[in-house]
Amino acid sequence: MVCCSCVRFLFVRAGTFGNRVKINGIGRSFQAIPSVTYSPIREFKTNIGMMVDTGSMSRAGPLVDMMPEKDDDGRFASGGWKSEGGRLSCGYSSFRGKRVTMEDFYDIKTLKIGGQSICLFGIFDGHGGSRAAEYLKEHLFDNLIKHPKFLTDAKLAISETYQQTDADFLDSEKDNFRDDGSTASTAVLVDNHLYVANVGDSRTIISKAGKAIALSDDHKPNRSDERKRIENAGGVVMWAGTWRVGGVLAMSRAFGNRMLKQFVVAEPEIQDQEMDEQIELLILASDGLWDVVQNDDAVSLARAEEEPEAAARKLTEAAFSRGSADNITCIVVRFHHDKPDPANPDKAESATDQHEQTT
């Protein structure tokens, strides 16, 4: 039996969503790894009806083409960029939707390590508050890049980084009377090899020759393998409007959720594959999209748009118009297989997009 205090994260706290969306591209250097280039790109500060570009390119020539936008009440942000050489382009869209607060976060980074091109994309959907999702946005990819086996055994590095970051978050929150949690669905592209890792019910899919293929499997308590794992650990899965762990949490894996940690783990499921010319699109999104948009439909909508930012916006708009009651955030990556690698292997690019909200 789970005590009543465990259910507090099921209720949305009353509050006022601030009229501000801030989108940053912040460069950092990771001293723990030699030969890492991670350069600052731009910083955008957005106020109602006005956007000011407060930064300049750290190198000559446009490494990133960013197009941030927002609506009048601060509930929406979108943007995009193109890699140097044009091998891939990316767009994101994040919408508070019908919720009082915004608990979705996302992260996008590209860099080079030892001559290898690295791209990282992540969707983090918080529940019970935004602290866990924001913590993942700030730390998960940084921790992964620092892992000593990131380039030699990426699957091990991802698994260990996910679980260590979960432990670090719980430790950072040990003195707070909170029980925030978050999903994480991430895609890591190391040169031509794609790794997709998932915890929770955010989801990542690809379009391969026009066909939607899921690269993650939602962690729901009624999944037979997940139910068995939870019950073997002494937990219970019960119906409370939907299937829930202990009658409380509607997903079987998550970051945070200290009160249910014995059953709700942050161990990711990881799929990997070599990229080929049939892979056209990569779509990551929170369940605010997947609750109302099927995989095949998402691919069809995204393929109809040439620019990935337009595709991401179209997906969030479709989810909202179809009745999604949740925050909706998605990232769309389009691959341009006819483009060569950049001529200068030592030149790197970086992009970090942040969506902060104040209440």
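These legends accompany close-up views of a predicted model.

**Figure 1. The whole chain, as a starting point.** Before zooming in, it helps to take stock of the protein chain, whose secondary structure comes to 6 helices and 19 strands. Of its 359 residues, 54% are buried. Among contacts with a separation of 6 or more, 67% are between residues 24 or more positions apart. The views that follow visit some of these elements.

**Figure 2. Strand S8 and its partners S7, S9 and S10.** Let us begin with strand S8, residues 116-127, which is mostly covered, with 10 of its 12 residues buried. Strand S7 (residues 104-113) runs antiparallel to S8 and is joined to it by 10 bridges. One pair to look for is tyrosine 106 with its bridge partner in S8, isoleucine 123. Strand S10 (residues 184-190) is also antiparallel to S8, and 6 bridges join the two. Here glycine 122 has threonine 186 of S10 as its bridge partner. Strand S9, residues 181-182, is joined to S8 by 2 bridges, again in antiparallel fashion. In that pairing, histidine 127 stands opposite glycine 181 of S9.

**Figure 3. The turn between S7 and S8.** This view moves to the hairpin that S7 and S8 form, with 2 residues between the strands. Glycine 114 sits in the turn, and its phi is positive, at about 55°.

**Figure 4. Phenylalanine 141 and its neighbours.** Phenylalanine 141 lies in helix H1. Is this residue, phenylalanine 141, buried or exposed? Its relative accessibility is 2%, so phenylalanine 141 counts as buried. Leaving aside residues up to four places away in sequence, phenylalanine 141 touches Asp107, Lys109, Leu120, Phe121, Gly122 and Thr186. Two of these names may ring a bell from Figure 2: Gly122 and Thr186 are bridge partners. Lysine 109 is 32 residues from phenylalanine 141 along the chain, while their C-alpha atoms are separated by 8.2 Å.

**Figure 5. Helix H1 against helix H2.** Staying with H1 (residues 131-146), we now look at how it meets H2 (residues 154-172): the two axes come within 10 Å and cross at roughly 135°. That angle makes H1 oblique to H2. The crossing of H1 and H2 is right-handed. On the H1 side, the contact is made by Arg131, Ala132, Tyr135, Leu136, Leu140, Asn143 and Leu144. H2 contributes Ala157, Ile158, Thr161, Tyr162, Thr165, Asp168, Phe169 and Ser172. Sorted by class, the contact of H1 with H2 has 9 nonpolar, 4 polar and 2 charged residues.

**Figure 6. An open sheet of 6 strands.** In this sheet the strands follow the order S5-S6-S19-S18-S12-S13, and their pairing is antiparallel. Which strands form the edges? They are S5 (76-82) and S13 (211-214), each of which pairs on one side only. From one strand to the next, the twist averages 15°. At the S5 edge, 7 bridges join S5 to the antiparallel strand S6, residues 88-95. To find your place in this pairing, look for glycine 80, which stands opposite glycine 91 of S6.

**Figure 7. Helices H5 and H6 on the sheet.** H5 packs on the sheet of Figure 6, where it touches S12 (203-208), S13, S18 (279-285) and S19 (328-335). The direction of H5 makes about 60° with that of S12. H6, in turn, lies across S5, S6, S18 and S19 and runs at about 30° to S6. Both helices thus have S18 and S19 among the strands they meet.

**Figure 8. Helix H5 against helix H6.** Our last view turns to the two helices themselves: the axes of H5 (residues 295-303) and H6 (residues 308-321) come within 8 Å and cross at roughly 135°. This crossing angle makes H5 oblique to H6. H5 and H6 cross in a right-handed sense. Which residues meet here, in H5 and in H6? From H5 come Ala298, Leu301 and Ala302, and they meet Ala311, Lys314, Leu315 and Ala318 of H6. By class, the residues in the contact of H5 with H6 divide into 6 nonpolar, no polar and 1 charged.

Key
Residues numbered from 1 in each chain as written. Predicted model: local features only at pLDDT ≥ 70, side-chain atom pairs only at ≥ 80, totals over all residues. Heavy atoms only, no water. Axes fitted to C-alpha atoms, helices over the stretch in contact; angles between N-to-C directions. Helix = DSSP H or I, 4+ residues; strand = E, 2+ residues; numbered from the N terminus. Parallel < 35°, antiparallel > 145°, perpendicular 65-115°, else oblique. Left-handed = near helix turned anticlockwise from the far one by under 90°. Contact = heavy atoms within 4.5 Å. Nonpolar A, V, L, I, M, F, W, Y, C, P; charged D, E, K, R; others polar. Buried < 20%, exposed > 50% of the residue type's maximum accessible area, 1.4 Å probe, protein only. Pairing = 2+ DSSP bridges.
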